[in-house]
Every structure is written in structure tokens, then in C-alpha cells.
Amino acid sequence: MKKLVISLSLIIFCLAILPTSAQYSYAEKIYWAKVEQNGTYFYALADETSQLFILPESYFVKLTGEKDNFFSAQYRDIQGYVKKDEVSPMDGTPSNPYYIESFRAFLPAGTGLYAISQMMDEYKIIDIPYLYENLTYYGSIAGQTAIPEKSNIWHYCKYGEDYGYVYSIFCDKLESPPLNHESFSKIDSVSFEEPPIKALSQTAMAFIIIGVSLPCLIVLYLLIRPNMMKVSLPKEKSKYKAAKRRDYFEFDQSDLN
């Protein structure tokens, strides 16, 4: 029974590793594009009216596709879009593609996090506690001058699981992004469709099947062969012979030899 289980397992294994009928394979190609000019926006949609924030100059976005005049892209953990003519795809992988920084909100009554860069209750998402200093910074954008004669800059950030804008006047401990000097050769054109790998020829496929199957068949034969070679062995004659017309058994002296 044990050998039967082993044999069946071996057959299943051989079938599992045989080449499948899949004819094509696609490799993922990742492109990084550098932000080489100030004022490059990151968009929520492939639409110029959906600006989220200005990307830090000299840093990178990961390109994931294209749509019309936009690349779909990723910046840190946010998916969005960048204009094709505002970034430079490069042939390389940066070691520090994103500007990683956090900052503090210090309004005693709590600093509002807003869905858009305007200080209006209808757009408020949540209040950030006083002196909370782990706001994840992504970029900034011009918005409402909420306090007359003050700045109109708002920071796009993450608080907990919420994303939104905070008014820069109520924030501090945020340094200007240092320049990222990583650079690679520029790519003139990018393609997100990988050419299919050619299918194996029928001859090559046949050799692969034979090469995989033959060892399995040999091992299977070796497992089954002992059972095929078994023969009926003659029964051993009793070493004790009953004496004729006696009530006892004679002991054969040859048994001691």
C-alpha cells in the first residue's frame, strides 16, 4: 500500500511539472521619472483641474501606465497622475526616490484637515490635536488665504488614515526639501506593454516532455519491479518427523549440523 501511494504521488508530481499550455509570459517593467522643474503637479485624475499638490523638485515618481497626455504614477503610497511633458523618465532605479518628511500642527484648538485647500466647515475632515507632530508630508499647493496678509500655501498630508490639506500658517518643523542629485540616462519613449515571449516549438516541447517523463517512469518501474519478481517459495518440510507406529517423535541428528 505504501509503495502504491508513493507511485501515485510520483505520477502526480510528474504531471504537475510538465509544461503548461500557456504560450505567453509578461515581465513587469518599472519606470522612474524625475521631477526636474518646479511647479510640477501631482493629479488625482488625468485632468488638469484635479491638482493635488506640487511635487518636490528633483525627486521621483514611479510610472505605472499612461492615459492621454498623462502618466499614471505613484508617489509614496498615493496613486495619481503626472503630465508627460513635466517629468523625465529615466533608465535607473533611485535609492531615495521620495522626499520623506513629517511636520507639526500647533493650533491650540486643533488644526483642521480639509478635503480642499479652503478653510470651510463643509470641507473639514477632522481636527488634528494640538502639537501633533507626525503629519506625513507629500507636497504643497496654493489655496485660500485664510488669514488676511498671510500665506496662501497649504500642505497636503496624511493624519492617521485620512489625507487632506492643512493651512501652513498653523504648522512648523518642516524643512525645505534638499535637492536629490540622483540621475540616470533619460528614456525618450516608454512602453507599458511587454512583448510576449515566443512559444516553444513543437519539437522543443516534445523533448521537454520526454526529458521530464522518462526519469519518472524509470523510478516508477523500480518501485513496482520487486512485486513482479516475487515467486511462490516451496514450503519448508517439517524438521520433526513422526515415527511410524510410535507415540513419540524421533529427533533427526542432522538438524544439529
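The following exchange examines a predicted model through its overall make-up, aromatic rings, cysteines and selected side chains.

Visitor: On what basis are features of this model reported, and how many helices and strands does the protein have?

Guide: Residues are numbered from 1 along each chain as its sequence is written, and side-chain values use heavy atoms, with hydrogens and water left out. As the model is predicted, local features need pLDDT of at least 70 and side-chain atom pairs count only at pLDDT 80 or more, while totals for chains, interfaces and linings use all residues. Helices (H or I, at least four residues) and strands (E, at least two) are DSSP runs, numbered from the N terminus. The protein comes to two helices and 16 strands.

Visitor: What percentage of the residues of the protein count as buried?

Guide: Buried means under 20% relative accessible area, exposed over 50%, and partly exposed in between, with a 1.4 Å probe and protein chains only. Of the 257 residues, the share that counts as buried is 32%.

Visitor: Among contacts between residues at least 6 apart in sequence, what percentage join residues at least 24 apart?

Guide: A contact requires heavy atoms within 4.5 Å. Among the contacts between residues at least 6 apart in sequence, the portion joining residues at least 24 apart is 62%.

Visitor: How many residues does the largest nonpolar core have?

Guide: A nonpolar core is a set of buried Ala, Val, Leu, Ile, Met, Phe, Trp, Tyr and Cys residues joined through side-chain atoms within 4.5 Å. In the largest such core, the residues with the most contacts inside it are Phe42, Phe53, Leu55, Val61, Leu63, Tyr75 and Val82. Leaving aside neighbours within four places in sequence, Val82 is in contact with residues including Phe42, Leu55, Val61 and Leu63. The number of residues in the largest core is 40.

Visitor: Is the aromatic pair of Phe53 and Tyr138 stacked, edge-to-face or tilted?

Guide: Rings of Phe, Tyr and Trp (its six-membered ring) pair if their centres lie within 6.5 Å; planes under 30 degrees apart count as stacked, over 60 as edge-to-face and the rest as tilted. A search of the whole structure finds 22 aromatic pairs. For Phe53 and Tyr138, the separation is 6.3 Å centre to centre with 40° between the planes, so the pair is classed as tilted.

Visitor: How many residues apart are Phe53 and Tyr138?

Guide: Both residues are buried, and both belong to one aromatic cluster that also includes Trp32, Phe42 and Tyr75. Phe53 lies in strand E3 (residues 51-54) and Tyr138 in strand E11 (residues 132-142), and the pair links distant parts of the chain, 85 residues apart.

Visitor: Which charged residue sits over the ring of Tyr138?

Guide: A charge sits over a ring if NZ of Lys or CZ of Arg is within 6 Å of the ring centre and within 35 degrees of the ring normal. Over Tyr138, the charged end lies 5.4 Å from the ring centre and belongs to Arg76.

Visitor: Over which ring does the charged end of Lys84 sit?

Guide: Lys84 lies in the loop between strand E6 (78-83) and strand E7 (88-90), and it is partly exposed because its relative accessibility is 29%. A polar contact is a pair of N or O atoms within 3.5 Å; within protein, one must be able to donate a hydrogen and the other to accept it, and residues adjacent in sequence count only if both atoms are side-chain atoms. A polar atom of the Lys84 side chain lies 3.1 Å from the backbone oxygen of Asp68. The charged end of Lys84 is 5.5 Å from the centre of the ring over which it sits, that of Phe71.

Visitor: Why is Cys157 not bonded to Cys171, and how far apart are the sulfurs?

Guide: A disulfide is a pair of cysteine sulfur atoms within 2.5 Å, and the structure holds zero disulfides. Cys157 is buried, with a relative accessible area of 0%, and Cys171 is buried at 12% relative accessibility. The closest cysteine sulfur to that of Cys157 is in Cys171, too far for a bond because the distance is 7.1 Å.

Visitor: Which residue's backbone nitrogen lies 2.9 Å from a polar atom of the Ser72 side chain?

Guide: Ser72 lies in strand E5 (residues 70-75) and is buried, with a relative accessible area of 14%. The residue supplying the backbone nitrogen at 2.9 Å is Gly65.

Visitor: Which backbone nitrogen does the side chain of Thr111 reach?

Guide: Thr111 is in strand E9 (residues 111-114) and counts as buried at 1% relative accessibility. At 3.4 Å, its side chain reaches the backbone nitrogen of Leu107.
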